[in-house]
2 protein chains.
Amino acid sequence: MDEYTDEQKLSVILKATSDPTRRSLLTTLVQQGPSRVTELAQHYDMSLNSISKHIKVLEAATLVTRKTIGRVHLIQAQLEPINEIDNWFKNLRSIWDLRLDDLETILNKEHCDDGSQQ
Amino acid sequence: MDEYTDEQKLSVILKATSDPTRRSLLTTLVQQGPSRVTELAQHYDMSLNSISKHIKVLEAATLVTRKTIGRVHLIQAQLEPINEIDNWFKNLRSIWDLRLDDLETILNKEHCDDGSQQ
DNA sequence: CGTATATTCAACCAAATGGATGAATATACT
DNA sequence: AGTATATTCATCCATTTGGTTGAATATACG
C-alpha cells in the first residue's frame with residue numbers, strides 16, 4: 001500500500017473495516033491468533049471463496065498479514081493500521097476543540113465590549 | 001438510524017467516513033461550523049447534486065445534522081458517532097491484549113514445567 | 001504416481017456506489 | 001405575479017462490491 005497517500009490508505013482501511021464480515025474476521029483473528037483460511041471460513045454461512053476474497057481485502061488494507069506454510073496460509077491480524085483511523089479522528093476533534101475555543105473567546109469579548117462581533 | 005443494531009450502525013458510520021470527499025466535508029464543517037450546501041459544494045470540483053448526495057450519506061450515518069431555515073439548509077458536523085469506531089477498536093485491542101497475556105502465562109508455564117503445552 | 005486437501009483464480013451476477021444531468025420544489029426578492 | 005436562488009428528486013451510467021460456482025494450482029499423503 002506504499003504507492004498510496006495517507007488519505008488513500010485511510011480510505012482503504014475504513015472501507016475494509018466497514019464490512020461486518022470483515023470486522024468479524026478481525027475479531028476472530030484477534031481472539032484466536034493466526035488462523036488458516038478454511039478454519040476462518042467455518043465460522044460463516046458463506047463460501048470459502050468469499051472469505052478468501054474478504055481476507056484479500058483486509059490484506060490489501062494491511063489489516064492482516066499472510067504467512068504461507070506449504071499449502072496452508074496462516075492469516076494474522078495486524079491492528080496498527082487502525083491507528084490511522086484514530087489519528088484522523090483525533091485530528092478532527094482537535095480542530096473542533098480549537099473552533100470552540102475561538103467561539104468562547106468571541107463570546108467573552110461580547111461580554112466585555114460592545115458585542116458588535118456578531 | 002434507531003432501527004439498526006450497533007453493528008449495523010458501525011458499518012454505516014465506517015462506510016460513510018471511508019469516502020475522501022465525505023471526510024473532507026466533515027473536516028470543513030468542523031473548521032467552519034454549520035454551513036450551507038452550496039457553500040460546501042464550492043470547495044469541490046464536483047456538481048452540487050453530488051455534494052448533496054454525500055451530505056445525505058453523512059446524515060444517514062448521523063455524522064451531520066441539518067437545520068432548514070427557509071430555503072437554506074444548514075449542515076452541522078456531529079462527531080459523537082465516531083466514538084463508535086473508537087469503541088470498536090478499543091474492544092478489539094483489549095481482546096488482543098488479553099490474548100497476549102494468556103500467551104505470556106503459557107510461556108511462563110513452559111519456563112517452569114515440561115513445556116508440553118506446544 | 002495418484003488422490004485428497006488448502007487455497008486462489010476466473011468468470012459471472014445482482015446490488016450498491018459515486019458521479020452526471022435535467023426537472024421539480026420551496027423560498028426569497030422586486 | 002414573476003424571477004432568481006437553494007436544494008432535492010428522478011434518471012441514467014460506469015464502476016465497485018459482495019456473493020456465487022467451477023477450474024486451476026500447489027502441497028501433502030498413501
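How many bridges join β2(A) to strand β3 of chain A, and in which direction do the two run? Six, and they run antiparallel. This is a predicted model, so please keep that in mind.

Let me stay with the sheet in chain A. It is open and has three strands, in the order β1-β3-β2, with antiparallel pairing. β1 (35–36) and β2 (64–69) of chain A are the edge strands, each pairing on one side only. For one residue pair, take V64(A): its bridge partner in β3(A) is A77(A). In general, strands of a sheet pair through backbone hydrogen bonds.

Now the helices on that sheet. Helix α2 of chain A, residues 20–32, lies across β1, β2 and β3 of chain A. Its angle to β3(A) is about 95°. α4(A) lies across β2 and β3 of chain A, at about 115° to β2(A).

Next, the DNA. Strand D is surrounded by 22 residues. The closest are N49(A), S50(A), H54(A), T38(B) and R66(B). Of the strand D atoms within 4 Å of the protein, sugar and phosphate make up 64%. By class, the surface near strand D has nine charged, nine polar and four nonpolar residues.

Some individual distances. S50(A) puts a polar side-chain atom 2.4 Å from a phosphate oxygen of strand D. For K53(A), the partner is a base oxygen of strand D, 2.6 Å from a polar side-chain atom. On chain B, an N or O atom in the side chain of R36(B) is 3.5 Å from a phosphate oxygen of strand D.

Which elements give two or more residues to this surface? From chain A, α4 (48–60); from chain B, α3 (37–41), α4 (48–60) and β3 (72–77).

Terms used
Residues are numbered from 1 along each chain as its sequence is written. Chains are lettered from A and ligands numbered from 1 in the order in which they are written. This is a predicted model: local features need pLDDT of at least 70, side-chain atom pairs count only at pLDDT 80 or more; totals for chains, interfaces and linings use all residues. Side-chain values use heavy atoms; hydrogens and water are left out. A residue is near a molecule or strand if one of its heavy atoms lies within 4 Å of it. A polar contact is a pair of N or O atoms within 3.5 Å; within protein, one must be able to donate a hydrogen and the other to accept it, and residues adjacent in sequence count only if both atoms are side-chain atoms. Helices (H or I, at least four residues) and strands (E, at least two) are DSSP runs, numbered from the N terminus. Ala, Val, Leu, Ile, Met, Phe, Trp, Tyr, Cys and Pro count as nonpolar, Asp, Glu, Lys and Arg as charged, and the others, Gly among them, as polar. Two strands pair if DSSP finds at least two bridges between them. Contact means heavy atoms within 4.5 Å. Axes are lines fitted to C-alpha atoms, for helices over the stretch in contact, and angles run from 0 to 180 degrees between N-to-C directions.
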